[in-house]
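The exercises that follow ask for careful reading of a structure with two chains. Each task is followed by a solution in steps.

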Amino acid sequence: MADSDPEATAGGGSAGGAAVDGGVAVAEKPAPAPGPAEVGQSLGREAFRRLRRNPVAIGGAVLVLLFVLVAILAPLLAPYDPVDQILKDQIRPGSFPGPSHEHWLGSDSLGRDELSRILFGARQSLLVGVLATTVGFAVGLLLGTLAGAFGGWVDNLVMRVVDILLSVPSLLLAISIAALLGQRLISVTLAVGVAQVPIFARLLRGTMLAERESDYVLAARSLGIRRRSIVLSHVLPNSLSPVLVQGTLSLATAIVDVAALSFLGLSGADPDVPEWGRMLAESQTFLSTAPRLAFLPCTAIVIAALGFTLLGESLREALDPKLRR
Amino acid sequence: MLRYAIRRLALLVPILLGLSVLLFVWVRALPGGPAQALLGEHGSPDAERQVRIAYGLDRPLYVQYWSFLKRTVHLDFGTSIRTNQSVTSEFLTRFPMTIELTVAALIFAVGLGIPLGYLAARKHGRFLDHASVVGSLIGVTIPVFFLGFLLKYWVAIKLGWLPPSGRSNERIIATHPTNFYVLDGLLTREYDASWDAITHLILPAIALGSIPLAIIVRITRAAVIDVSHEDYVRTAEAKGLARSTVSRRHILRNAMLPVATTIGLQTGLLLSGAILTEIVFGLPGIGSFVYHAIQNRDYPVLQGFILIIAVIYVIVNLLVDLSYSLIDPRVRVGGGRG
């Protein structure tokens, strides 16, 4: 089953559910054994070579680069202050200034320059997306390593906690955490991050359990190397590649989920901060008169998420020894 | 098989208990504490004290947890702050809408996904195949609300082909014995009401079903390609069986195993996505109710709904696992996984 893992499609499940479900399915399969030896080249270098030749990977990388550059350079790129209600005077009930020479994407419902808001929105999206995925990755890595390295009751305990987290659909889990922590940026970050923990933990545990049985671990153990150093310097590095792939894909999910949470009214408290999800929520009332106000932030979200999905999928292909020829 | 089912069922107990502990702690950790959460933002200190006594919040934690558990088992999740109705009855009136929506989305995704995936695999390496791979990659990335707004604007507002929002046309007066509008029309023989409900479901179902569709196309394609290379397929072809027989009896039947699991695994995605879809299309299901509960800090509703949805979710997942072992004799003989 070359790319038939349900998890392969976990990319940007708008609601994140796909990713969680995928994690379950893939963790139950034995992980692909790394087999760089027959090629005589390091796994990373070989993977990079394959990535460079894959047009999908290049496309994904371009989108990701675009997204990151826009986020970093937003103050330089944006023609106006995203908070300034420059076009306030031209606003009539139900009609806002459309695209013009001075304002390429027109104005939003409060007379702010839409282009500047979209550009600045990239900052929020990237920041929260990356932070959330880092939280999910780090906690998942810790839990997965504990479970995979110790086995026994530690494994049992960790996996039961993961099972409980998995028993709530991930968007709902994120909603309940964000509601608990109040309307702050950090709560959205933590909410999306915690919702991703189970995927990483299950994935890493599954791979590590499979790796534990391999010959090089037996060899290391028979040489009398201590368990901690076997785990940290042999098993863990060899189990990381599926987790890295998942990390890239999770960034896409995180961006979409963060947008979904602010769409639901759970974003940070400051309504001035341009945020794609909230812009979308605000645009709902004007869908028939100013549809661009809904489609512009949506397109931005899709571009950002698509970049990470394409990159993650090609990374998976590049790292999967089964797909090598 | 029975032993496997019982074992899996027993494993649900610690999960649900753990979840109940989490939700119990969740309410107590809410900003301002549970009493304020129950009262909303306008509670006076006096009212807060009364609520604390009425809800037993002044008793020790373990007593509180025990009574919470007892009430939960009796499906008593308290009353909604916003509507003053019991959470359970609110859930029951709205759940049929959400079931209708998710089932419609699933029909769309499966009905289109399996044939598309199969065709892509049979045309492996050709244009249709590449198009389906790229299309499904983009498909999983497109958020529910994006497609929702797009369909709503173009098909409903611009072209006027289908209704943009709501569950039924206000001018159609129909009785609703079950609250499943499509079914109600059939039961009461008001077929135009059924048809009206279906037209209101089409756009939301497409929006919600697009990601599962993309996933099902991918899995079907990969599974069919996989199975096509199996020895038994070559044997069947060598025996001189008709191509359609090989496709139907040897390839499709075996390829359906991973597809069946994948379809089951979409439940969580569909339930999550339903929240967003219902908001975009103004559908009065559990999703939009959760949305209003968030807006109004209606914590009893959130707590109850999360618990009920989680229970439904784990049970559906269990059924998927069990049905998988029914379909696939290898799992049965193996004595059960997980």
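Two residues are in contact if their C-beta atoms, placed from the backbone, lie within 7 Å. With this meaning, residues 24 or more positions apart account for 73% of the contacts in chain A with a separation of 6 or more. The structure is a predicted model.

**Exercise 1. Confidence in chain A**

Task: State the average pLDDT of chain A, and name the stretch over which pLDDT stays under 50.

Solution. Step 1: The average pLDDT of chain A is 78, and 84% of the residues score at least 70. Step 2: Residues 1–39 of chain A form the stretch where pLDDT stays under 50. The model has 139 contacts beyond four places in sequence for this stretch. Step 3: Where pLDDT is low, predicted coordinates should not be read in detail.

**Exercise 2. The make-up of the two chains**

Task: How many helices and strands does each chain have, and what percentage of its residues is buried?

Solution. Step 1: Chain A has eleven helices and zero strands. Step 2: Of the 325 residues in chain A, 53% are buried. Step 3: Chain B has 14 helices and zero strands. Step 4: Chain B has 338 residues, of which 40% are buried. Step 5: The C-alpha trace of chain B spans about 85 × 55 × 40 Å along its principal axes. In chain B, 69% of the contacts with a separation of 6 or more link residues 24 or more positions apart.

**Exercise 3. Two helices of chain A**

Task: Classify the packing of α9 and α11 of chain A by angle, and describe the residues of the contact.

Solution. Step 1: Two packed helices are described by the angle between their axes and the distance between the axes. Step 2: Helix α9 covers residues 227–263 of chain A, and helix α11 covers residues 292–319 of chain A. Their axes are 9 Å apart, at an angle of about 165 degrees. Step 3: Angles over 145 degrees count as roughly antiparallel. Therefore α9(A) and α11(A) are roughly antiparallel to each other. Step 4: The crossing of α9(A) and α11(A) is left-handed. Step 5: Among the residues of the contact are A:V245, A:L249 and A:A252 of α9(A), and A:A305, A:F308 and A:G312 of α11(A). Step 6: By class, the contact of α9(A) with α11(A) has 14 nonpolar, four polar and one charged residue.

**Exercise 4. Two helices of chain B**

Task: Determine how α5 and α12 of chain B are placed relative to each other.

Solution. Step 1: The axes of helix α5 (residues 87–122) and helix α12 (residues 286–295) of chain B come within 8 Å and cross at roughly 130 degrees. Step 2: This angle makes α5(B) oblique to α12(B). Step 3: The contact is made by B:E90, B:F91, B:R94, B:F95 and B:T98 of α5(B), together with B:I286, B:G287 and B:F289 of α12(B). Step 4: These residues of α5(B) and α12(B) comprise four nonpolar, two polar and two charged residues.

**Exercise 5. Two asparagines with positive phi**

Task: For B:N84 and B:N179, give phi, the place in the chain and the exposure.

Solution. Step 1: B:N84 is not a glycine, yet has a positive phi of about 65 degrees. B:N84 lies in the loop between α4 (61–73) and α5 of chain B. Step 2: B:N84 is exposed because it has 8 other C-beta atoms within 10 Å, and 12 or fewer count as exposed. Step 3: B:N179 has a positive phi near 75 degrees and is likewise a residue other than glycine. B:N179 lies in the loop between α7 (144–158) and α8 (181–187) of chain B. Step 4: B:N179 has 15 other C-beta atoms within 10 Å and is therefore partly exposed.

**Exercise 6. Separation in sequence and in space**

Task: Give the environment of A:E211 and of B:P96, with a C-alpha distance for each.

Solution. Step 1: A:E211 lies in helix α7 (residues 185–212) of chain A. Because 22 C-beta neighbours lie inside 10 Å, A:E211 counts as buried. Step 2: A:E211 and A:V235 are 24 residues apart along the chain, and their C-alpha atoms are separated by 6.2 Å. Step 3: B:P96 lies in helix α5 of chain B. With 19 other C-beta atoms within 10 Å, B:P96 is partly exposed. Step 4: B:P96 and B:V133 are 37 residues apart in sequence and 34 Å apart in space, C-alpha to C-alpha. Step 5: Not counting residues up to four places away in sequence, B:P96 touches B:T178, B:N179 and B:F180.

Conventions: Residues are numbered from 1 along each chain as its sequence is written. Chains are lettered from A and ligands numbered from 1 in the order in which they are written. This is a predicted model: local features need pLDDT of at least 70, side-chain atom pairs count only at pLDDT 80 or more; totals for chains, interfaces and linings use all residues. pLDDT is the predictor's confidence in each residue, from 0 to 100. Helices (H or I, at least four residues) and strands (E, at least two) are DSSP runs, numbered from the N terminus. A residue is buried if 20 or more other C-beta atoms lie within 10 Å of its own, exposed if 12 or fewer, and partly exposed in between; C-beta atoms are placed from the backbone. Axes are lines fitted to C-alpha atoms, for helices over the stretch in contact, and angles run from 0 to 180 degrees between N-to-C directions. Angles under 35 degrees count as roughly parallel, over 145 as roughly antiparallel, 65 to 115 as roughly perpendicular and the rest as oblique. Ala, Val, Leu, Ile, Met, Phe, Trp, Tyr, Cys and Pro count as nonpolar, Asp, Glu, Lys and Arg as charged, and the others, Gly among them, as polar. A crossing is left-handed if the near helix is turned anticlockwise from the far one by less than a right angle, and right-handed if clockwise.
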